[in-house]
Each structure stands twice: as C-alpha cells, then as structure tokens.
Amino acid sequence: MRLLPRAAMAGAIAAATIAATLVSAPVAQADPAGLTLIASNQSLLGVHELYAQTYAGHPVLGGFYARHTDRETGAVTIQDGRLTVGKLDLGKARVSGDRAATAETKARGHAFRTDIVVVPGDNATLAYAVLSQDATGEYRTVVDTDSGSVLRVDELSDHVDGHGKVFEPNPVATLQNTTLTDQNNKDYAALSGAYKSVTLKNLNGTGKLDGSFANNISASEVKNNTNTFNYNRSQAGFEQVMAYYSITSAQSYIQSLGFTSVNNEAQDFKTTGLTDDNSFYSPSADSITFGTGGVDDAEDAEVIWHEYGHAIQDAQVPGFGSSNEAGAMGEGFGDWFAVMMSIPNNPDTVKTPLACVADWDAVSYASGTPKCLRRVDGTKVYPGDVENEVHADGEIWSRALWDVYKGLGRDQAVKVVLEAQFSYAPNTSFAAAATVTVNTARRLYGASAATVCQNAFHARGIL
Ligand SMILES: [Zn+2]
C-alpha cells in the first residue's frame with residue numbers, strides 16, 4: 001500500500017462533509033480496495049488506521065475509510081466515509097496542471113503543490129487540487145482538468161477572529177466635535193460615543209494581538225484567551241488594539257486592490273515605552289513605535305496609517321527617502337495614505353475636513369480650527385515653498401496625490417500610487433517620481449488617468 005503525504009490527504013479529508021456511517025460490529029471487510037493508507041496510529045486502547053478513498057489511483061476528494069481495532073478484544077469498528085464515484089471520463093484533461101496552478105491560484109498566493117483528484121458524485125470530475133499559500137493562510141483550489149474552471153476553494157488553515165473596541169478613525173471625526181481634549185489620558189463621558197466594537201481579523205489564535213499583518217511587541221502586551229480585547233483609552237491595551245486593527249485594515253485594503261507584496265507581513269509595532277508626543281518607523285528594526293505624549297498617538301488611526309505608510313515604502317523600496325525630496329515624499333505619502341484609509345469612516349465636513357490629518361492627535365499641539373497635524377489640500381508650490389524640512393515639504397507632494405484622488409477616486413488613486421512607488425529610486429526627486437506616477441496611471445487606466453496625474457503634479461510646479 002502506497003503512503004501518500006499526510007498533509008495533502010488530511011486536508012482533503014478535513015474538508016469533507018463527514019457523512020460517515022458508524023458500524024459498531026466487527027466487520028469482515030479485510031481488503032479495502034480503492035483505499036490508500038495515510039495514517040496508522042497506536043493509542044492506549046487500540047490501533048487506528050485511516051485510509052483515503054481512491055479511484056483509478058487518484059484520491060477522491062473528501063472520501064475516507066477508517067478502521068479502529070480494539071487492543072483488548074480485537075473488535076473492529078469501521079467508519080465508512082466513501083463517496084459515490086459515478087460516471088467519470090479519465091481521458092478528459094485539456095488543461096495542464098501548471099496552467100491550473102498559475103492561472104487559478106494567482107489571487108491566493110504561491111502555489112507549491114498540485115495533485116490530480118477525483119471530485120465525487122454521480123457525474124464525477126477529474127480535477128487538480130492546487131495547494132497555495134499567502135500571508136492569510138493556506139488554500140486548496142480545485143480546478144477542472146478539462147474546462148479549467150475553478151470548482152471550489154477551500155481554506156485549509158485556520159485564522160481566529162477576535163473582538164475589541166477602537167476609535168475609527170478618531171473621536172473628533174466620529175463625534176464631529178473639535179472641542180475634545182486629552183484630559184491626561186482620562187476616559188470621560190463625552191468620548192463614549194466614539195468607541196466602536198469591531199472584529200479583529202487574522203489573529204493567530206495565541207490570545208495575543210499577533211496575526212498575519214500586525215505583530216504586537218509592546219512591553220506590556222495584552223493577552224486574552226477568548227481573543228476579546230475591550231479596553232478604554234486610559235488602559236494600555238486600547239492603543240495595542242488600535243494599532244493591531246488599523247494596520248490589519250490597511251493591509252487587507254491593499255490586498256483587496258490586488259497587491260500581494262506591499263509590506264505583506266506581520267508588521268511589528270509597539271505602543272508603549274516612548275513618552276514623547278511622537279511616533280516613528282524604524283527601517284533597521286522594521287518596527288513602528290507610537291508615543292504616548294499628549295493624546296496617545298495610537299489613539300488616532302490616522303497617525304497609525306501615516307507610520308504604516310513609511311513601512312510600506314520601505315518594503316517597496318528598501319532605504320527609500322535618502323534624498324530631501326524622497327524624504328518629503330515619504331511624509332507626504334504617509335499623510336495621504338492615512339486620509340485614504342480614513343475615507344470610509346471620516347465624514348468630510350466643514351468641522352472635520354477629510355484633508356485634515358490626525359485631528360484627534362493634534363488637539364494637544366495644533367492651533368486654529370480645525371486642529372490638524374498637517375493637511376493634504378494645501379497650496380504649496382515647488383520650488384518656491386520648499387523649506388528643506390521633510391514634513392513641511394511633504395505637503396507639496398501630498399497635495400498632488402490629493403488631486404490624483406479627486407480625479408481618479410480612492411481605489412484607482414491608491415493603486416496607481418502603490419504601483420508607481422515600486423519603481424521610485426531611493427533618492428528620487430519629485431519630478432522623477434511624478435513622471436513614473438503619470439506613466440503608471442497611463443498603463444493601468446489609460447490616457448485620461450495619466451492626464452489627471454500630469455495636471456496634479458503640474459499644479460504643484462513639479463512637472
Ligand atoms: Zn512620518
């Protein structure tokens with residue numbers, strides 16, 4: 001009897017609808033034809049043999065047969081999970097396995113194994129079972145060998161959903177209230193309407209805020225065995241939930257646009273240890289640190305997304321920002337990306353304009369109304385307004401990207417900018433990067449999109 005790799009077969013069985021018939025009496029069926037032994041386990045009381053159902057040598061998806069032999073009595077118990085394989089044309093295979101693996105699993109990451117299987121039924125089908133992995137897990141895509149169509153996709157890995165409370169993006173925008181203040185990190189009544197219960201996705205199930213896209217390295221890392229993380233802003237766990245949730249949302253959005261390698265990793269973050277009213281991304285450690293001065297920085301999702309913007313650029317172009325203008329583009333992109341992420345939950349009102357970045361974090365240090373860390377709809381023009389300070393000069397770049405968003409809409413604008421950034425040199429200039437961006441827009445969406453970008457950069461004196 002041939003022993004198949006257990007992982008491949010166990011997956012097939014796990015996905016089956018368990019329609020096993022339990023036969024309690026000893027059975028005389030000594031020769032399970034069309035079965036392949038995949039496990040023979042010894043326990044204290046018995047021997048447990050698990051077979052995969054096969055047909056013409058190919059595993060039948062979901063079909064199994066198990067034999068349990070009692071050590072003491074010799075009694076045999078059978079679980080017969082074999083499925084009907086009716087009419088099946090074994091000669092039909094117009095699609096190659098390679099094609100099935102590359103074409104059909106593109107959206108599900110890297111295909112690493114392809115097996116021919118039988119999809120059971122009265123009219124059974126020969127299919128490729130393509131195993132692939134991406135950062136979200138492992139998948140089996142079942143592709144008809146004849147038509148090439150995808151019959152089904154099974155997720156073989158488990159991810160855990162948790163629950164928690166967050167601000168999204170922040171209390172000032174949510175409550176449309178520009179008079180809120182930090183009050184020394186207190187949780188006070190006027191803020192209660194800003195808390196939102198959310199699902200924390202892609203957790204790894206350890207009870208910590210660690211998952212596919214975000215990894216909590218805070219000194220006092222919170223833990224909850226049922227993955228329930230309900231804190232208020234005065235508690236250290238709140239900022240950890242905010243960072244986990246906001247980073248995971250950002251990477252999920254990026255992947256929804258089709259990008260599978262824009263910082264597609266568990267991004268390290270810490271929300272404790274820095275008492276300044278500042279946050280930073282460390283390229284050498286590939287980690288984000290959020291300060292707790294003033295309003296804790298990680299209480300404002302837009303600050304989180306700004307810092308994640310730096311992580312994105314460093315993942316796309318390691319060492320990005322080695323010239324003054326590239327550094328300014330890093331800041332400008334971070335501000336703009338924060339605003340793009342904020343769109344679904346940030347009403348664009350006179351009180352809290354969408355273009356105002358981090359209007360909650362800013363209550364501790366900004367003046368005027370509304371209070372903003374910076375804005376992405378300013379009027380600065382190159383080169384006259386250059387101050388040789390990356391955050392200030394970043395407002396030239398972010399305004400250009402804001403106009404790209406106004407012209408193309410959120411998804412197209414983010415796609416163009418992320419795609420273009422892969423081709424920026426680490427020490428690029430505004431003009432060189434703008435040219436790449438215009439060309440990228442043309443390739444992705446045609447001449448009119450390129451014109452939107454051209455006009456946006458022209459209005460800033462860049463092109
Ligand atoms: Zn920055």
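**Exercise 1. Determine how strand 17 and strand 18 pair in this predicted model, and over how many bridges.**

Step 1. The two strands pair in the antiparallel sense.

Step 2. Four bridges join strand 17 to strand 18.

Step 3. For a residue-level check, take Ser282: the residue opposite in strand 18 is Ser287.

**Exercise 2. Work out the order of the sheet that holds strand 14, strand 16, strand 18 and strand 17, and find which strands stand at the edges.**

Step 1. Begin with strand 14, residues 214-216, which runs parallel to strand 16 and is joined to strand 16 by three bridges. Ala214 has Gln267 of strand 16 as its bridge partner.

Step 2. Go on to strand 18, residues 287-290. Its pairing with strand 16 is parallel and covers three bridges. Here Asp268 is partnered by Ser287 of strand 18.

Step 3. Add the antiparallel pair of strand 17 and strand 18. The result is an open sheet of four strands, ordered 14-16-18-17, with mixed pairing.

Step 4. Strand 14 and strand 17 (279-282) each have a single partner strand, so they stand at the edges and one side of each has no neighbour in the sheet. From one strand to the next, the twist averages 25°.

**Exercise 3. Describe which side chains of strand 16 are buried and which are not, and name the helices that lie across this strand.**

Step 1. Strand 16 covers residues 267-270, and its side chains alternate between two faces.

Step 2. Gln267 and Phe269 point to one face and are buried. Asp268 and Lys270 point to the other face and are not buried.

Step 3. Helix 4, residues 236-256, lies across strand 14, strand 16 and strand 18, at about 155° to strand 16.

Step 4. Helix 5 lies across strand 16, strand 17 and strand 18; its angle to strand 17 is about 15°.

**Exercise 4. Glu302 is buried and has no salt bridge. Identify the side chain with which Glu302 makes a polar contact, then treat Asp359 in the corresponding way.**

Step 1. Locate Glu302: this residue lies in helix 5, residues 301-316.

Step 2. Look for a partner of opposite charge. The nearest such side chain is that of Arg374, 10 Å away. A salt bridge requires a nitrogen and an oxygen within 4 Å, so a residue at that distance does not qualify.

Step 3. Turn to polar contacts. The side chain of Glu302 makes one with the side chain of Ser342, at 2.7 Å.

Step 4. List the surroundings. Beyond four places in sequence, the contacts of Glu302 include Pro169, Asn170, Ala338, Asn346 and Asp359.

Step 5. Follow the contact to Asp359, which is in the loop between strand 19 (356-357) and strand 20 (374-375). Asp359 is also buried without a salt bridge, and the nearest side chain of opposite charge, Arg375, is 8.4 Å away.

Step 6. A polar contact of 2.8 Å connects the side chain of Asp359 with that of Asn170. Among the residues that Asp359 touches, leaving out those up to four places away in sequence, are Asn170, Val172, Asp300, Glu302 and Lys371.

**Exercise 5. Examine the salt bridges of Glu168, Arg375 and Arg152, and state whether each partner is buried or partly exposed.**

Step 1. Glu168 forms a salt bridge with Lys196, with the closest N and O atoms 2.4 Å apart. The pair links distant parts of the chain, 28 residues apart: Glu168 is in the loop between strand 12 (160-166) and helix 3 (171-175), and Lys196 is in strand 13.

Step 2. Glu168 counts as buried at 11% relative accessibility, while Lys196, at 30%, counts as partly exposed.

Step 3. Arg375 meets Asp377 in a salt bridge of 2.9 Å, N to O. Arg375 is partly exposed, at 27%, and Asp377 is partly exposed, at 26%.

Step 4. Arg152 forms a salt bridge with Asp154, the closest N and O atoms being 3.1 Å apart. Arg152 is partly exposed with a relative accessible area of 32%, and Asp154 is buried at 15%.

Step 5. For the whole structure, the search finds 14 salt bridges.

**Exercise 6. Give the secondary structure totals and the buried share of the chain.**

Step 1. The chain has 10 helices and 20 strands.

Step 2. Of its 463 residues, 49% are buried.

Technical notes:
Residues numbered from 1 in each chain as written. Predicted model: local features only at pLDDT ≥ 70, side-chain atom pairs only at ≥ 80, totals over all residues. Heavy atoms only, no water. Buried < 20%, exposed > 50% of the residue type's maximum accessible area, 1.4 Å probe, protein only. Pairing = 2+ DSSP bridges. Lys, Arg positive; Asp, Glu negative; His and termini not counted. Polar contact = N/O pair within 3.5 Å; in protein donor to acceptor, adjacent residues only side chain to side chain. Contact = heavy atoms within 4.5 Å. Axes fitted to C-alpha atoms, helices over the stretch in contact; angles between N-to-C directions.
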